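Here's a quick briefing on side-chain contacts, sorted by topic. Have the model open while you read, and follow along residue by residue.

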Amino acid sequence: MSDLIHITVKDNVAVAIHPLKAGNTYQASDGTTALAFEDIPQGHKIALKDIREGESIIKYGVVIGHATKDIAQGHWVHTQNMATNLSGEVKYTYRKEDVTLPAVPDATFEGYSREDGRAGVRNEIWIIPTVGCVNDVAKKLAADNQDLVTGTIDGLHAFSHPFGCSQTGADHAQTRKLLASLVHHPNAGAVLVLSLGCENLTHEQFVAELGDYNPERVRFLTCQEVSDEYEEGRKILKELAGYASSFHRETLPASRLVIGMKCGGSDGLSGLTANPTVGRFSDLLVAMGGTTILTEVPEMFGAESMLLGRCRDTGIFDKACAMLNGFKDYFLSHHEVVYDNPSPGNRQGGITTLEDKSCGCVQKGGTAPISDVIGYGDRVHAKGLNLLCGPGNDLVSATALAAAGADIILFTTGRGTPFGAPAPTVKISSNTQLYEKKRNWIDFNAGTVAEGESLDQAGERLKQFVLEIASGKQTNSEKNGFREISIWKDGVVL
């Protein structure tokens, strides 16, 4: 097994697969060697040549920052001697890349075919509050009616949140849109929309936001309008269970799957093992006619060259540029710097700058053409790879992926996290140590890539695993009962 990963011949740094000891010589899989002059942690960078102050640091074949002091060959490259190059808005130029994915044999899964043409991988009953005031009512209704989870019904869940009232403008609209999109999710065989009655997200507004819906599948309960919301809720849930029970798993083509892609608690190996494994999977699914969604806009900053040339046309390119610069404006309008992103855990794991993080993050998008760019709370419509506007925050962006229609969310991590989104959330470790340590969190180990497994092999293995999840195998977060939503907020609370 190699000791280092030298990603491209352009790179003047390599990444340590395991901790390096001062005085030892280490070798990469491409034959590159380096003598370590100091101890370097796993996932961190070692200089392969002398790098002068102000000179670019290159990783993934891309500039990820600059040296803030002279760095001698064999020394540790991190926050003590390098910094970001990012600033404010950027004017992008469209240079289209011709991307043709190789043909892939079709695959199938056992899922639920919905009347709107979409496919679900679960057949659940969801309770969605329109306002935080009825969160506990929703939770109690879910807890008290678990006996309805029988036959082909896979679960009964309530999704609490603090909003739906005392919001104005864009925040109010975002809450309304996101909740309505969740109601339309294909994993929900039936939905109870639970209201209080005096919130500013009114019943009329919510119905208008929903658009067309099947009244057998979606029902409403306003707590202030009934004497006993639990008795009335039980009655409605029994009727919804009757409707949801009419769905059964059937063999469906993988082309009907919609998969969200997200990372969190990343380390220096995330961009080399777990994220490109997801990228290989994304290319396989897109080649089969399926749909993938990549989000976390701040973690595209500095890696735009890996994405924008893959936009199918100038219209998609313009939407992508507007999304990127719009997000930078969002930061600047709050007097925040756009590059203040890598968390303490990221830095401890070996990620130094936002460019470093972003170039690893976008590996999840593979090499497929970008079919569309969709807004926060919007539902995906285009087949292929989509970009979704959303922040890097794990819960917020995972919720946005679910609202966009992701049947399953692939979540890569180098440090581990237990949470689950409304859709089955597959945790993918970037290193084997995490997989072995947190088997109750992690579903899939991509750390094997650092141990010699090819990315193509890992991507194929992940494809088979995703088809198993789509066919009913539970993720660890599902087994643990971990499901939650978080809504993006920007403005004032009244």
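Helices here are DSSP runs of H or I with at least four residues, numbered from the N terminus. Keep in mind that this is a predicted model. Two tallies set the scene: the structure holds 13 aromatic pairs, and the salt bridges come to 26.

**Aromatic contacts around Phe327**

- Start with Phe327 and Tyr330, whose ring centres are 5.3 Å apart with planes at 85°, so this pair counts as edge-to-face.
- Both sit in helix α6 (residues 314–333), and because they are three residues apart there, about one helical turn separates them.
- Phe327 is buried at a relative accessible area of 3%, while Tyr330 is partly exposed at 25%.
- Phe327 also pairs with Trp488, this time in a stacked arrangement with 5.4 Å from centre to centre and 15° between the planes.
- That second pair links distant parts of the chain: Phe327 belongs to helix α6 and Trp488 to the segment after α12 (476–479), 161 residues apart.
- Trp488 has a relative accessibility of 12%, so it counts as buried, the cut-off being under 20%.
- Zoom out a bit and you get one aromatic cluster made of Phe301, Phe327, Tyr330, Phe331, Tyr376 and Trp488.

**Charges over rings**

- Lys328 puts its charged end over the ring of Phe301, 5.0 Å from the ring centre. Phe301 is one of the members of the aromatic cluster above.
- Lys427 does likewise with Phe419: its charged end sits over that ring, 4.9 Å from the centre.

**Salt bridges between distant parts of the chain**

- As a reminder, side chains of opposite charge can pair when their charged atoms come close.
- Lys328 turns up again here, in a salt bridge with Glu304 whose closest N and O atoms are 3.5 Å apart.
- Glu304 lies in the loop between β18 (291–294) and α6, Lys328 lies in helix α6, and 24 residues separate them.
- Are Glu304 and Lys328 buried or exposed? Both of them are buried.
- Asp147 and Arg234 form another salt bridge, with 2.8 Å between the closest N and O atoms.
- Here the link runs from the loop between α1 (135–144) and β13 (155–158), where Asp147 is found, to helix α4 (residues 229–244), which holds Arg234; the two are 87 residues apart.
- Asp147 is partly exposed, with a relative accessible area of 45%, and Arg234 is partly exposed too, at 26%.
- Lys262 and Asp394 also meet in a salt bridge, at 2.8 Å from N to O.
- Lys262 is in strand β17 (residues 258–263) and Asp394 is in helix α9 (residues 394–404), so this contact ties together parts that are 132 residues apart in sequence.
- The partners differ in exposure: Lys262 is buried with a relative accessible area of 0%, whereas Asp394 is partly exposed at 21%.

**A salt-bridge network**

- Which residues are linked in a network of salt bridges? Arg122, Glu124, Glu478 and Arg483 are.

**Worth a second look**

- Lys328 shows up in two topics, with its charged end over the ring of Phe301 and in a salt bridge with Glu304.
- Phe327 likewise has two ring partners, edge-to-face with Tyr330 and stacked with Trp488.

Key: Residues numbered from 1 in each chain as written. Predicted model: local features only at pLDDT ≥ 70, side-chain atom pairs only at ≥ 80, totals over all residues. Heavy atoms only, no water. Phe/Tyr/Trp six-rings, centres within 6.5 Å; stacked < 30°, edge-to-face > 60°. Buried < 20%, exposed > 50% of the residue type's maximum accessible area, 1.4 Å probe, protein only. Lys NZ or Arg CZ within 6 Å of the ring centre and 35° of its normal. Salt bridge = Lys/Arg side-chain N within 4 Å of Asp/Glu carboxyl O.
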